[in-house]
Amino acid sequence: MDRLDVGLGERSYPLYFGNGNLGTIGACCKERGLGMNVAMITNPTVGSLYADGVRDSMQQAGFTVNLVEIPDGEEYKNSVTLNAIYDRCVALGLDRGAFILALGGGVVGDIAGFAAATYLRGIPFVQVPTTLLAQVDSSVGGKTGINHPQGKNLIGAFYQPRLVLIDVTVLATLPEREFLCGLAEIVKYGIVLDRELFEYIESHGDKLLARNSDSLLHVIRRSCAIKAAVVENDERETGLRAVLNYGHTVGHAVETLTGYGRYKHGEAVAIGMVQAARFSERSGLSRHDETERIVALLTRLGLPVDLPQFGADEYTEALWHDKKVREGGLNFVYNRGIGEFHIGRVTDISTLLTACGIEA
Ligand SMILES: NC(=O)c1ccc[n+]([C@@H]2O[C@H](COP(=O)([O-])OP(=O)(O)OC[C@H]3O[C@@H](n4cnc5c(N)ncnc54)[C@H](O)[C@@H]3O)[C@@H](O)[C@H]2O)c1
Ligand SMILES: O=C(O)C(=O)C[C@@H](O)[C@H](O)[C@H](O)COP(=O)(O)O
Ligand SMILES: [Zn+2]
């Protein structure tokens, strides 16, 4: 099976990629030496499709599997759901020999990972990402957490999984809108870190949209390799890792202002990347034709690019809750043309809002 390692010393772990490898999850967990009792956290949508297969594989490898279901949706990535997970773990009597397996998209992965980071001060966890977005981004790198009404992912921990198993066949059942969200995060890597990847998406757009498994495996593997390299360099976002937040400053504000539901994360990121591209152009870091190229690719992929209507005050308030705010300024991720980035400081938010077409 194709494997890539995230190298973080004693916290290193493998990412396994395949086309039909879901049934190897039990053997992979065994090989990692995990305890025999597992809480498999999923939601009813994913659970009805894949929980039986994962459970069978785990049981064949000798594990005892306890199913823990949480409601489906970004609006449930909160403290109420987290507490319900703790309650179940306590009721099941899970001790430090147990581990958590997250089966689902980024919502399940983020909240299950945070539960694992905090339950009994930390038990191991495994990621089995089932959305394209989770396969290229959220399952890798150890950002776990929940939302707060005032801002996205305001509560969380850096906590790495023990292994990530990626099977592209599960993407066949993914609704179109969710699939496109994953493409948005892949485009993100291309814009700021890999011009070749950006051009690959431009030239293979039709194949990707048709979910061709070879094209998908290519972009998933490349995205994971890029993310792994960034995380290895800066696990806790003291510098370089902020690049992975490209498009998220405005994107998270859009998610917060619309109450975590109207826009999916990838859609909000697509909108945020267009605003970041406009601000980069206005700041002299990229050309107009490069901004147009970014807008054209996202539009062709069926992603939204226009900001929802809120006032400058509302955007300003939401933007100040960004985790990249430090001492009265916001560390902002710009694109330098296509394929490179620049991290700069914005102290006057109105300059960003003006570039986005929001007037005070
Ligand atoms: N930790 C990180 O580094 C990181 C990175 C990016 C995004 N995120 C977070 O991830 C979340 C978004 O994740 P997402 O886009 O995966 O959304 P999601 O987890 O809400 O999943 C999207 C929808 O698809 C369904 N689904 C999942 N897999 C399926 C499958 N194979 N077939 C059919 N339906 C399936 C889910 O039930 C859900 O309804 C956001 O909360 C975002 O903040 C975290
Ligand atoms: O892994 C990272 O680092 C990222 O920034 C990846 C993002 O795609 C992801 O949405 C992340 O959760 C955002 O991080 P946050 O710290 O701004 O909440
Ligand atoms: Zn993201």
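**Exercise 1. The hairpin of β11 and β12**

Task: Find which residue takes a positive phi in the hairpin of β11 and β12.

Solution. Step 1: this is a predicted model, in which local features need pLDDT of at least 70, side-chain atom pairs count only at pLDDT 80 or more, and totals for chains, interfaces and linings use all residues. Residues are numbered from 1 along each chain as its sequence is written, while chains are lettered from A and ligands numbered from 1 in the order in which they are written.

Step 2: go to the hairpin. Three residues lie between β11 and β12. Gly337 has the positive phi, near 60 degrees. Strands are DSSP runs of E with at least two residues, helices are runs of H or I with at least four, and both are numbered from the N terminus.

Step 3: check the pairing. β11 (residues 329-336) and β12 are antiparallel, with seven bridges. Strands pair if DSSP finds at least two bridges between them. Arg336 has Glu340 in β12 as its bridge partner. Asn331 has Arg345 in β12.

**Exercise 2. The open sheet**

Task: Work out the strand order of the open sheet, and explain why one side of β10 and of β12 is left without a neighbour.

Solution. Step 1: the order is β10-β11-β12, three strands with antiparallel pairing.

Step 2: β10 (325-326) and β12 (340-346) are the edges, and each has a single partner strand, so one side of each has no neighbour in the sheet.

Step 3: β10 and β11 pair over two bridges, also in the antiparallel sense. Arg326 is bridged to Gly329 in β11. These two strands form a hairpin with two residues between them. In its turn, Glu327 has a positive phi of about 45 degrees.

**Exercise 3. Two domains**

Task: Describe how domain 1 and domain 2 meet.

Solution. Step 1: the chain divides into domain 1 (2-170) and domain 2 (176-355). These bounds come from an automatic or database domain assignment.

Step 2: their C-alpha centres are 25 Å apart. In all, 27 residues of domain 1 contact 29 residues of domain 2. Contact here puts the C-beta atoms, placed from the backbone, within 7 Å.

Step 3: look at the side of domain 1 that touches domain 2. β1 (2-6), β2 (13-18), α5 and β8 (151-158) each supply at least two residues. α5 gives the most, with five. By class, this side has 13 nonpolar, ten polar and four charged residues. Ala, Val, Leu, Ile, Met, Phe, Trp, Tyr, Cys and Pro count as nonpolar, Asp, Glu, Lys and Arg as charged, and the others, Gly among them, as polar.

**Exercise 4. The ligand shells**

Task: Say where ligand 1 lies relative to the domains, and which residues surround ligand 2.

Solution. Step 1: 29 residues are around ligand 1, and Gly105, Gly106, Thr130, Thr131 and Ser138 come nearest. A residue is near a molecule if its C-beta atom, placed from the backbone, is within 6 Å of it.

Step 2: α2 (44-60), α4 (106-118), α5 (132-138), α6 (176-193) and α11 (265-282) give two or more residues to this shell. The shell has nine nonpolar, 13 polar and seven charged residues.

Step 3: both domains give residues to the shell, so ligand 1 lies between them.

Step 4: turn to ligand 2. Its surrounding residues include Asp137, Lys152, Glu237, Arg241 and His248. The shell divides into one nonpolar, four polar and seven charged residues. Each domain supplies at least three of its residues.

Methods: Contact = placed C-beta atoms within 7 Å.
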